[in-house]
Amino acid sequence: KSGFVTIIGRPNVGKSTLLNRIVGEKIAIMSDKAQTTRNKIQGIYTTDSAQVVFIDTPGIHKPQNSLGDFMVKSAFSALHGADAIWFVVDASMPRGRGDDFIINRLKEIKNTAIYLLINKVDLLAPKDLLNIIASYQEDAPEWAEVFPISAREGDNVSELLDNVVAGL
Ligand code: GDP
Ligand code: MG
């Protein structure tokens, strides 16, 4: 089994942290500053029975200039041809315009499993999780799966990997 997974989300939601945890190497650049990840960086997760190639995307936001515009186009190009898309959001912040911008593009994608990953659940009171999930159900694509995770702590990440491998 093998396949491609594209990780997308607005800056600082934890995409690089998640990719680093999965591939076990510091290949993706992490920073609190937006736009630090400037390239599509590929990591490969390999088990006895499966190989998954991950594509991290540059910080996605409404472009402010031509470099930003190029980076956004580059990130969205990585969506086409993926076997699955992981849309990562930050559980510690409400859904915002940056999330909506990406969600509107995701609505155009057909025939690809789009996962909603609610990251940073370590920062969240458990009782707030259902409300966060509900806020991403309205005016959004139909999520193939919804996974609350903590990329930093590793919570639910192996379950997420098993799920995506099972779908390949
Ligand atoms: P990216 O811009 O989406 O690639 O985000 P990064 O992976 O660079 O992470 C942005 C910030 O969020 C960093 O300070 C990370 O340490 C932090 N972060 C990432 N995942 C988690 C998480 O699960 N829990 C917490 N508390 N912080 C996280
Ligand atoms: Mg990053």
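## Exercises on strand β4

Strands β4 and β5 (residues 113-119) run parallel and are joined by seven bridges. Helices (H or I, at least four residues) and strands (E, at least two) are DSSP runs, numbered from the N terminus. Strands pair if DSSP finds at least two bridges between them.

This is a predicted model, where local features need pLDDT of at least 70, side-chain atom pairs count only at pLDDT 80 or more, and totals for chains, interfaces and linings use all residues. Residues are numbered from 1 along each chain as its sequence is written, and chains are lettered from A and ligands numbered from 1 in the order in which they are written.

**Exercise 1. Judge the confidence of the model.**

Step 1. Take pLDDT, the predictor's confidence in each residue, from 0 to 100. The chain averages 84, and 78% of the residues score at least 70.

Step 2. Find the weak stretch. Over residues 28-39, pLDDT stays under 50. Where pLDDT is low, the predicted coordinates should not be read in detail.

Step 3. Read the scores for the complex. The predictor gives an ipTM of 0.99 and a pTM of 0.88.

**Exercise 2. Place β4 among its neighbours.**

Step 1. Start at Phe87. Its bridge partner in β5 is Leu116.

Step 2. Follow the chain. From β4 it passes through helix α3 (residues 97-106) to β5, a right-handed β-α-β crossover. Right-handed means that, with the strands pointing away from the viewer, the path from the first strand over the helix to the second runs clockwise.

Step 3. Turn to β1 (residues 2-8). Four bridges join β1 to β4, and the two run parallel. Here Ile8 stands opposite Phe87.

**Exercise 3. Decide whether β4 is enclosed or open.**

Step 1. Set the cut-offs. A residue is buried if 20 or more other C-beta atoms lie within 10 Å of its own, exposed if 12 or fewer, and partly exposed in between; C-beta atoms are placed from the backbone.

Step 2. Check both faces. Ala84, Trp86, Val88 and Asp90 are buried on one side, and Ile85, Phe87 and Val89 on the other.

Step 3. Conclude. Seven of the seven residues of β4 (residues 84-90) are buried, so the strand is largely enclosed by the rest of the structure.

**Exercise 4. Find the buried side of α3.**

Step 1. List the buried residues: Gly98, Asp99 and Ile102.

Step 2. Use the arc of the directions from the helix axis to the C-beta atoms. These residues cover only 100 degrees, which puts them on the same side of α3.

Step 3. Look across. Arg97 and Asn104 are exposed on the other side.

Conventions
Contact = placed C-beta atoms within 7 Å.
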